[in-house]
Amino acid sequence: MTTRLYTHPVFLEHLTPPGHPERPDRLRAIERVLDDEAFAALDRVKAPEGDEATILYAHPADFVARVRAAIPASGIVSIDADTSASPKSWQAAVTAIGAANAAIDDVFEGRAANVFVAARPPGHHAEKTTAMGFCLFNTAAIAARHAQKKHQAERVAIVDWDVHHGNGTQDIFWDDPSVLYCSTHQMPLYPGTGAKSETGAGNIVNAPLAPSTGSETFRDAFLSRVLPSVDAFAPDLIIISAGFDAHHRDPLAEINLTEDDFDWATGQLMDRAGRHSANRLVSLLEGGYDLQGLAFSVAAHVGRLMKG
């Protein structure tokens with residue numbers, strides 16, 4: 001089996017205001033780097049549009065209706081100070097969910113060894129009833145629930161290495177011991193959550209990193225907090241909230257990782273998927289706003305996934 005890649009042209013049609021860091025050029029940069037012959041073996045599949053009913057796995061119906069009603073017929077509107085929507089944003093968000101759920105199906109049904117979903121908008125800041133932080137719906141949370149509902153996964157681990165804490169994923173699974181949420185992130189930084197003391201039902205593991213942290217401290221957080229928690233949990237599936245904004249080039253934070261760190265972290269989680277999850281691993285793009293840092297980091301990440 002090979003590594004599968006899901007993407008879709010509609011992800012480029014989710015528009016944000018000029019100068020906004022979460023912009024279509026992010027995916028264009030990823031597309032260019034993955035066009036290299038080193039990635040010729042990638043199984044590239046056009047993302048399917050999602051089943052809108054699955055949004056309710058993580059969000060109540062009245063919130064979903066509010067988001068849908070906010071989608072403009074033309075132009076760009078503000079959902080909050082950081083989060084925007086344009087006419088194709090609903091379709092983009094639902095297709096991102098469709099891709100994530102299809103990726104879950106692929107790894108449980110044996111169509112792929114692992115999957116990377118290159119989609120936007122991202123999702124990990126979307127709380128149960130709040131769209132925020134560039135995110136409309138929490139794609140990783142919906143995918144975790146899809147694995148539980150369709151494939152009877154008893155335990156799902158979500159590991160989030162985006163430089164911003166995934167407050168939305170933490171909010172959705174705060175009191176649910178069937179989902180482990182582990183996060184490395186800069187603190188202090190938006191959105192202000194993610195202290196070590198935030199532990200939910202014992203299923204939340206935060207590893208905050210001080211500004212100017214580099215590879216050694218990041219890897220120590222993985223080795224001392226994240227990986228032991230994953231091993232103790234023994235998940236049936238690992239989902240990565242794969243933000244690449246902890247790269248040293250990124251303009252929105254002050255963590256100094258390189259693409260080698262993402263390669264290493266990917267390998268560590270693949271090892272745990274091999275031990276506990278029959279190699280089932282799905283990676284979902286979150287942040288990453290310097291185009292070169294993003295492209296090089298995704299190349300390292302996907303290259304490691306392809307090594308199996």
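In this predicted model, Cys182 has Val205 of strand S8 as its bridge partner. That pair belongs to a wider contact between strands, as S7 and S8 run parallel and are joined by six bridges. Strand S8 covers residues 204–209 and is an edge strand, pairing on one side only. An edge position might suggest an open flank, but five of the six residues of S8 are buried, so the strand is largely enclosed by the rest of the structure.

Stepping back from this edge, the sheet as a whole can be traced. Eight strands make up an open sheet with parallel pairing, and their order is S2-S1-S5-S10-S9-S6-S7-S8. The edge strands are S8 (204–209) and S2 (43–46), each with pairing on one side only. On average, neighbouring strands of the sheet are turned by 15° against each other, with direction ignored. As a helpful reminder, strands of a sheet pair through backbone hydrogen bonds, and the pairing may be parallel or antiparallel.

At the S2 edge, strand S1 (residues 3–7) pairs with S2 in the parallel sense, over four bridges. Arg4 has Asp43 of S2 as its bridge partner, while Thr7 is matched in S2 with Lys46. Between these two strands, the chain passes from S1 through H1 to S2, giving a β-α-β crossover that is right-handed. The connecting helix, H1 (residues 25–34), lies across S1, S2 and strand S10 (281–285). Relative to S10, helix H1 runs at about 130°.

Helix H4 (residues 139–151) offers a second view of packing. Its 13 residues reach 17 Å from the first C-alpha to the last, close to the 18 Å expected at 1.5 Å a residue. How much of H4 is covered? Helix H4 is mostly covered, with eleven of its 13 residues buried. Among them are several alanines, namely Ala140, Ala141, Ala143, Ala144 and Ala147. The buried set also includes Arg145, His146, Gln148 and His151, along with Thr139 and Ile142.

Which elements do the buried residues of H4 pack against? The helical partners are H3 (89–109) and H5 (167–172). The strand partners are S6 (156–160), S7 (179–186), S9 (237–242) and S10. Strand S10 thus appears in both settings, since H1 lies across S10 and the buried residues of H4 pack against S10. Just after H4 comes Gln152, whose phi is positive, near 55°.

Note on methods. Residues numbered from 1 in each chain as written. Predicted model: local features only at pLDDT ≥ 70, side-chain atom pairs only at ≥ 80, totals over all residues. Heavy atoms only, no water. Pairing = 2+ DSSP bridges. Axes fitted to C-alpha atoms, helices over the stretch in contact; angles between N-to-C directions. Contact = heavy atoms within 4.5 Å. Right-handed = clockwise from strand over helix to strand, strands pointing away. Expected span 1.5 Å × (residues − 1). Buried < 20%, exposed > 50% of the residue type's maximum accessible area, 1.4 Å probe, protein only.
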